[in-house]
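Please open the structure in a viewer and set the side chains to be shown on selection. The tour below proceeds one stop at a time, with a selection to make at each.

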Amino acid sequence: VQLQASGGGLVQAGNSLRLSCGFSSRYTFGRSAVGWFRQAPGKEREVVAAISRNGRDIYYQDSVKGRFTIFRDDDRNTVYLQMNSLQVEDTAVYYCAAKDTILGASFYPHASSYALWGQGTLVTVSS
(Lines give C-alpha, C1' and ligand atoms only; values in the text may rest on other atoms or scores of the structure.)
Protein backbone atom coordinates (compact mmCIF):
# COMPACT_ATOMS: atom_id res chain seq x y z
CA VAL A 1 0.00 0.00 0.00
CA GLN A 2 1.27 3.45 -0.90
CA LEU A 3 0.36 7.01 -0.07
CA GLN A 4 0.88 9.62 -2.74
CA ALA A 5 1.13 13.18 -1.48
CA SER A 6 0.86 15.92 -4.08
CA GLY A 7 -0.23 19.48 -4.65
CA GLY A 8 2.67 21.46 -3.25
CA GLY A 9 4.20 24.41 -5.01
CA LEU A 10 5.32 28.01 -4.81
CA VAL A 11 2.67 30.58 -3.92
CA GLN A 12 2.55 34.11 -2.62
CA ALA A 13 1.39 34.83 0.89
CA GLY A 14 -2.37 35.08 1.12
CA ASN A 15 -3.00 32.57 -1.62
CA SER A 16 -4.23 28.97 -1.44
CA LEU A 17 -3.11 25.44 -2.19
CA ARG A 18 -4.82 22.08 -1.91
CA LEU A 19 -2.73 19.08 -0.99
CA SER A 20 -3.85 15.57 -1.80
CA CYS A 21 -3.03 12.28 -0.11
CA GLY A 22 -4.08 9.42 -2.36
CA PHE A 23 -4.29 5.82 -1.20
CA SER A 24 -3.44 3.00 -3.57
CA SER A 25 -5.83 0.68 -1.67
CA ARG A 26 -9.49 1.45 -1.06
CA TYR A 27 -9.48 -1.12 1.73
CA THR A 28 -6.64 0.62 3.55
CA PHE A 29 -8.20 4.02 3.00
CA GLY A 30 -11.42 2.90 4.61
CA ARG A 31 -9.62 1.58 7.67
CA SER A 32 -7.33 4.58 8.19
CA ALA A 33 -7.20 7.69 10.27
CA VAL A 34 -5.01 10.22 8.49
CA GLY A 35 -2.72 13.01 9.52
CA TRP A 36 -0.95 15.81 7.70
CA PHE A 37 2.42 16.81 9.08
CA ARG A 38 5.04 19.31 8.02
CA GLN A 39 8.72 19.88 8.53
CA ALA A 40 10.40 23.20 7.94
CA PRO A 41 14.17 23.50 7.50
CA GLY A 42 15.93 23.15 10.83
CA LYS A 43 12.73 22.30 12.67
CA GLU A 44 11.09 19.16 13.93
CA ARG A 45 8.18 17.54 12.18
CA GLU A 46 4.87 18.82 13.52
CA VAL A 47 1.26 17.91 13.08
CA VAL A 48 -0.86 20.20 10.94
CA ALA A 49 -4.20 18.39 10.97
CA ALA A 50 -5.63 14.96 11.60
CA ILE A 51 -8.90 13.32 10.67
CA SER A 52 -10.64 10.24 11.98
CA ARG A 53 -11.56 7.19 9.98
CA ASN A 54 -15.19 8.33 9.81
CA GLY A 55 -14.20 11.85 8.80
CA ARG A 56 -16.22 13.53 11.52
CA ASP A 57 -13.54 14.08 14.15
CA ILE A 58 -10.82 16.51 13.28
CA TYR A 59 -7.80 18.10 14.93
CA TYR A 60 -5.94 21.24 13.83
CA GLN A 61 -2.77 22.79 15.09
CA ASP A 62 -3.60 26.19 16.57
CA SER A 63 -1.60 28.11 13.97
CA VAL A 64 -3.70 26.78 11.08
CA LYS A 65 -7.18 26.89 12.62
CA GLY A 66 -9.54 28.88 10.46
CA ARG A 67 -7.15 28.71 7.47
CA PHE A 68 -6.71 25.01 6.74
CA THR A 69 -9.34 22.34 6.23
CA ILE A 70 -8.80 18.59 6.19
CA PHE A 71 -11.40 16.36 4.63
CA ARG A 72 -11.88 12.92 3.12
CA ASP A 73 -13.23 12.01 -0.31
CA ASP A 74 -14.37 8.41 -0.08
CA ASP A 75 -15.03 8.18 -3.82
CA ARG A 76 -11.42 9.06 -4.61
CA ASN A 77 -9.69 7.31 -1.69
CA THR A 78 -8.07 10.64 -0.95
CA VAL A 79 -7.61 12.95 2.01
CA TYR A 80 -7.20 16.62 1.18
CA LEU A 81 -5.67 19.54 3.01
CA GLN A 82 -7.11 22.81 1.77
CA MET A 83 -4.76 25.61 2.77
CA ASN A 84 -6.03 29.18 2.53
CA SER A 85 -4.47 32.49 3.55
CA LEU A 86 -1.04 30.92 3.39
CA GLN A 87 1.73 32.58 5.36
CA VAL A 88 5.49 32.52 4.92
CA GLU A 89 5.64 30.48 8.13
CA ASP A 90 3.70 27.68 6.40
CA THR A 91 6.70 26.94 4.19
CA ALA A 92 7.69 23.31 4.74
CA VAL A 93 7.66 19.83 3.32
CA TYR A 94 4.21 18.41 3.97
CA TYR A 95 3.67 14.71 4.62
CA CYS A 96 0.55 12.65 4.94
CA ALA A 97 0.39 9.55 7.10
CA ALA A 98 -2.11 6.79 7.73
CA LYS A 99 -2.95 4.73 10.78
CA ASP A 100 -4.97 1.55 10.58
CA THR A 101 -7.61 1.68 13.28
CA ILE A 102 -10.88 0.06 14.25
CA LEU A 103 -11.90 3.24 16.02
CA GLY A 104 -14.08 5.33 13.73
CA ALA A 105 -14.06 8.49 15.75
CA SER A 106 -10.43 8.87 16.81
CA PHE A 107 -7.85 11.19 15.33
CA TYR A 108 -4.14 10.93 16.08
CA PRO A 109 -2.08 14.14 16.36
CA HIS A 110 1.25 12.42 17.07
CA ALA A 111 3.60 11.24 14.37
CA SER A 112 4.53 8.14 16.36
CA SER A 113 0.98 6.81 15.88
CA TYR A 114 1.43 6.39 12.14
CA ALA A 115 2.97 3.44 10.33
CA LEU A 116 2.40 4.48 6.72
CA TRP A 117 3.84 7.69 5.29
CA GLY A 118 3.75 9.44 1.96
CA GLN A 119 6.83 10.90 0.30
CA GLY A 120 6.26 14.58 1.09
CA THR A 121 5.39 17.57 -1.03
CA LEU A 122 7.11 20.94 -0.78
CA VAL A 123 5.09 24.07 -0.06
CA THR A 124 6.91 27.37 -0.42
CA VAL A 125 5.15 30.59 0.49
CA SER A 126 6.80 33.83 -0.60
CA SER A 127 6.19 37.26 0.89
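**First stop: the disulfide**

Select cysteine 21 and cysteine 96: the torsion about their S-S bond is about 75°, so the disulfide is right-handed. Cysteine 21 belongs to strand S3 and cysteine 96 to strand S9, so that the bond links distant parts of the chain, 75 residues apart. The two sulfur atoms are 2.2 Å from each other. A disulfide is a covalent bond between the sulfur atoms of two cysteines. Searching the whole structure yields one disulfide. Both cysteine 21 and cysteine 96 are buried. Please keep in mind throughout that the model is a predicted one.

**Second stop: the open sheet**

From cysteine 21, extend the selection to the strand that holds this residue, S3, which covers residues 17-23. In which order do the strands of the open sheet follow one another? The four strands run S1-S3-S8-S7, with antiparallel pairing. At the edges are strand S1 (3-6) and strand S7 (68-73), each of which pairs on one side only. From one strand to the next, the twist averages 15°. Strands of a sheet pair through backbone hydrogen bonds, either parallel or antiparallel.

Now display S1 together with S3: four bridges join these antiparallel strands. To see one facing position, select glutamine 4, which stands opposite glycine 22 in S3.

**Third stop: two loops with positive phi**

Next, select asparagine 77, in the loop between S7 and S8. Its phi is near 50°, which is a positive value in a residue other than glycine. Asparagine 77 is buried, at a relative accessible area of 12%.

Move on to serine 85, in the loop between S8 and S9. Here too phi is near 50°, a positive value in a residue other than glycine. Is serine 85 buried or partly exposed? Serine 85 is partly exposed, its relative accessible area being 40%.

**Fourth stop: salt bridges**

The structure contains six salt bridges. Begin with arginine 31 and aspartate 100, whose closest N and O atoms are 2.7 Å apart. Arginine 31 is in the loop between helix H1 (26-30) and strand S4 (32-39), while aspartate 100 is in strand S9 (residues 92-100), so this salt bridge ties together parts 69 residues apart in sequence. Arginine 31 is partly exposed, with 22% relative accessible area; aspartate 100 is likewise partly exposed, at 45% relative accessibility.

Then select arginine 38, a buried residue with a relative accessible area of 6%. Its side chain meets that of glutamate 46 in a salt bridge, at 2.7 Å from N to O. Glutamate 46 is partly exposed, with a relative accessible area of 31%. Arginine 38 also forms a salt bridge with aspartate 90, and the closest N and O atoms of this pair are 2.9 Å apart. Because arginine 38 lies in strand S4 and aspartate 90 in the loop between strand S8 (78-83) and S9, the pair ties together parts that are 52 residues apart in sequence. Arginine 38 and aspartate 90 are both buried. Add Arg67 to the selection to view the network of salt bridges that links Arg38, Glu46, Arg67 and Asp90.

**Fifth stop: aromatic rings**

How many aromatic pairs are there? The count comes to six. One of them is the pair of phenylalanine 23 and phenylalanine 29, which is edge-to-face, with 5.2 Å centre to centre and 75° between the planes. Phenylalanine 23 is buried at 8% relative accessible area, and phenylalanine 29 is buried at 3%.

Select phenylalanine 37 and tryptophan 117 next: their ring centres are 5.1 Å apart and their planes stand at 50°, so the pair is tilted. Phenylalanine 37 in strand S4 and tryptophan 117 in strand S10 (residues 116-117) are 80 residues apart, and their pairing links distant parts of the chain. Phenylalanine 37 counts as buried, at 1% relative accessibility, whereas tryptophan 117 is partly exposed, at 26%. With Tyr114 added, the view shows a cluster in which ring pairs link Phe37, Tyr114 and Trp117.

**Last stop: charges over rings**

Return to phenylalanine 29 and add arginine 72, which lies over the face of this ring at 4.4 Å from the ring centre. Finally, select arginine 18 and tyrosine 80: the charged end of arginine 18 sits over the tyrosine 80 ring, 5.6 Å from its centre.

Definitions and conventions. Residues are numbered from 1 along each chain as its sequence is written. This is a predicted model: local features need pLDDT of at least 70, side-chain atom pairs count only at pLDDT 80 or more; totals for chains, interfaces and linings use all residues. Side-chain values use heavy atoms; hydrogens and water are left out. A salt bridge is a side-chain nitrogen of Lys or Arg within 4 Å of a carboxyl oxygen of Asp or Glu. Buried means under 20% relative accessible area, exposed over 50%, partly exposed in between (1.4 Å probe, protein chains only). Two strands pair if DSSP finds at least two bridges between them. Axes are lines fitted to C-alpha atoms, for helices over the stretch in contact, and angles run from 0 to 180 degrees between N-to-C directions. A disulfide is a pair of cysteine sulfur atoms within 2.5 Å. Rings of Phe, Tyr and Trp (its six-membered ring) pair if their centres lie within 6.5 Å; planes under 30 degrees apart count as stacked, over 60 as edge-to-face and the rest as tilted. A charge sits over a ring if NZ of Lys or CZ of Arg is within 6 Å of the ring centre and within 35 degrees of the ring normal.
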